[in-house]
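Please find below a note on the model under review. It is set out as numbered points for a colleague to read alongside the coordinates.

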Amino acid sequence: MSSKMQSSNNIAQARRTVQQLRVEANIERIKVSKASADLMNYCSEHAKYDPLLMGIPASENPFKDRKPCTIL
Amino acid sequence: MGEMEQMKKEAEALKTQIEAARKAVHDTDMASAASGVAPAPRVQLKTRKNLKGHLAKIYAMHWSTDNRLMVSASQDGKLLIWDSHTGNKVNAVPLKSSWVMTCAYAPSGNLVASGGLDNMCTVYNLKTPVIKTVKELDAHTGYLSCARFLSDTEILTASGDTTCALWDLETGKQKTVFLNHVGDCMCLSLSPDMNSFVSGACDSLAKLWDIRDGQCKQTFQGHTSDINAISFLPSGNAFITGSDDCTCKMYDLRADQEVIGYQDAALNSGVTSLALSMSARLIFAGYDDFNCNIWDSLKGEKVGVLSGHDNRVSCTGVPPDGMCVCTGSWDSFLKIWN
């Protein structure tokens, strides 16, 4: 590659980097306190529906191996 | 000043601006904000099923949306479809290339996909009388590390060639290529609304992409090594990453930064995989040290561990109904826990 091509490639790359950084710089950000509060709300609202958090009664557990019952 | 000089100066100024903007909203961190929240209970899960069938290391697994079937991929050169309730194998798909690194189940349940060191993503139809290869997606110039179906007509892939791509399954061609990472892309996760996805790469960065316009919208720093695992929270505003730097992190999209880290001085193995419980309160993270550690996502504390594998835990998955967690390992077994 000629050095002229190389330097124009480098400039193209640098332009893309700057363009990308402009996109990333221009977003609106919210406070971490608000982001955390929203997440805490999500978790607490959905906690009661979370089987791994609440536990699963044996009778409702499709993965638990059924043992045969013997009537004595 | 030459243009190159000018570009460098502007890039530095923009980076400084981004850091300042992030700092300006960093009025707390998640653990501090959650200090008043009751701790998650100690989580003690039992192995309910031990799925034996693969003859070599398992590299990936993915649940079907029916909460019952799952697909696993092993370097024994097979995809196995399991009925997780009975532990039975429903299907076996022989792979052309045994160097598989990822597998995926389509939301419809009709298709599965696999890929790896062959640089291709192969899509199979499970519903034809004999399982058929329907497409070989061939355009990546590096290994396929992750694939996820959006539907029966679109699939997203992540590759060691540093790109991600959206493919049209009818034409077999790439619709959009996502260019910005400077290291191998190792993982991806679709947002719940399917308009965006996040990717993790060996450049230690996570990136948020708009699926339709192909743009990288945000870049997240913090990890100091390869990001091997990534998962969106069901709320759609945050995602978790797992890395070779032995930590997991939660990043919030709207705050544009890391909000909490999950690490322990005693842990010095890389994170290979991760999955979230339904409420997102629990993170199941698979490690190189053969364990899967369970973290309280809000408080950053370890609340349990899944021990039982005899080799690295390579993949983890929770089905959509949240009823269990599945771990897959280099020991060739999959375990179902709840």
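The points below take up a helix pairing between chains, then several strands of chain B, and finally some single residues.

1. The model is a predicted one, and the remarks that follow should be read in that light.

2. Helix H1 of chain A covers residues 3-25, a total of 23 residues. At 1.5 Å a residue, H1(A) should span 33 Å, and its end C-alpha atoms are 32 Å apart, so the expected and modelled lengths agree. Buried positions in H1(A) are A:Ile11, A:Ala14, A:Val18, A:Gln20, A:Leu21, A:Glu24 and A:Ala25. The partners against which these buried residues pack belong to chain B: helix H1 (3-25), strand S16 (206-210) and strand S17 (216-220).

3. Two packed helices are described by the angle between their axes and the distance between the axes. For H1(A) and H1(B), the angle is about 25° and the axes lie 9 Å apart. H1(A) is therefore roughly parallel to H1(B), the cut-off for that term being under 35 degrees. The crossing of H1(A) past H1(B) is left-handed.

4. Which residues of the two helices meet? On the side of H1(A), they are A:Asn10, A:Ile11, A:Ala14, A:Arg15, A:Val18, A:Leu21, A:Arg22, A:Glu24 and A:Ala25. H1(B) contributes B:Glu3, B:Met4, B:Met7, B:Glu10, B:Ala11, B:Leu14, B:Lys15, B:Gln17 and B:Ile18. A:Ile11, A:Ala14, A:Val18, A:Leu21, A:Glu24 and A:Ala25 are thus named both among the buried residues of H1(A) and among those that meet H1(B).

5. In chain B, four strands make up an open sheet in the order S2-S3-S4-S5, and their pairing is antiparallel. Strand S2 (58-63) and strand S5 (88-94) stand at the edges; each has a single partner strand, so one side of each lacks a neighbour in the sheet. On average, and ignoring direction, neighbouring strands of this sheet are turned by 20° against each other. Strand S4 (residues 78-83) of chain B runs antiparallel to S5(B) and is joined to S5(B) by six bridges. B:Ile81 has B:Asn91 in S5(B) as its bridge partner.

6. The loop between S2 and strand S3 (69-74) of chain B holds B:Asn67. This residue has a positive phi of about 65°, although B:Asn67 is not a glycine. Is B:Asn67 buried or exposed? With a relative accessible area of 17%, B:Asn67 counts as buried, because the limit is under 20%.

7. A further open sheet of chain B has four strands in the order S22-S23-S24-S25, again with antiparallel pairing. Its edges are strand S22 (271-276) and strand S25 (302-306), each with a single partner strand, so one side of each is left without a neighbour in the sheet. The average turn between neighbouring strands here is 25°, direction ignored. Within the sheet, strand S23 (residues 282-287) and strand S24 (residues 292-296) of chain B pair over five bridges in the antiparallel sense. Opposite B:Ile283 stands B:Trp295 in S24(B).

8. B:Phe290 is placed in the loop between S23 and S24 of chain B. Its phi is positive, about 80°, although B:Phe290 is not a glycine. The relative accessible area of B:Phe290 is 34%, and the residue is therefore partly exposed.

9. Strand S27 (residues 325-329) of chain B is mostly covered, with five of its five residues buried. B:Val325, B:Thr327 and B:Ser329 point one way from S27(B), while B:Cys326 and B:Gly328 point the other way. S27(B) pairs in the antiparallel sense with strand S26 (residues 313-317) of chain B over four bridges, and B:Cys315 has B:Gly328 as its bridge partner. Four bridges also link S27(B), in the antiparallel sense, to strand S28 (residues 334-337) of chain B. There, B:Ile336 in S28(B) is the bridge partner of B:Cys326. The hairpin of S27(B) and S28(B) has four residues between the strands, and in this hairpin B:Ser332 takes a positive phi near 80°.

10. B:Lys132 is found in strand S9 (residues 132-138) of chain B. Its relative accessibility is 48%, so B:Lys132 counts as partly exposed. Neighbours within four places in sequence aside, B:Lys132 is in contact with B:Val123, B:Tyr124 and B:Asn125. B:Leu111 is 21 residues from B:Lys132 along the chain, and their C-alpha atoms are separated by 9.7 Å.

Methods. Residues are numbered from 1 along each chain as its sequence is written. Chains are lettered from A and ligands numbered from 1 in the order in which they are written. This is a predicted model: local features need pLDDT of at least 70, side-chain atom pairs count only at pLDDT 80 or more; totals for chains, interfaces and linings use all residues. Side-chain values use heavy atoms; hydrogens and water are left out. The expected span of a helix is 1.5 Å times one less than its number of residues. Buried means under 20% relative accessible area, exposed over 50%, partly exposed in between (1.4 Å probe, protein chains only). Contact means heavy atoms within 4.5 Å. Two strands pair if DSSP finds at least two bridges between them. Axes are lines fitted to C-alpha atoms, for helices over the stretch in contact, and angles run from 0 to 180 degrees between N-to-C directions. Angles under 35 degrees count as roughly parallel, over 145 as roughly antiparallel, 65 to 115 as roughly perpendicular and the rest as oblique. A crossing is left-handed if the near helix is turned anticlockwise from the far one by less than a right angle, and right-handed if clockwise.
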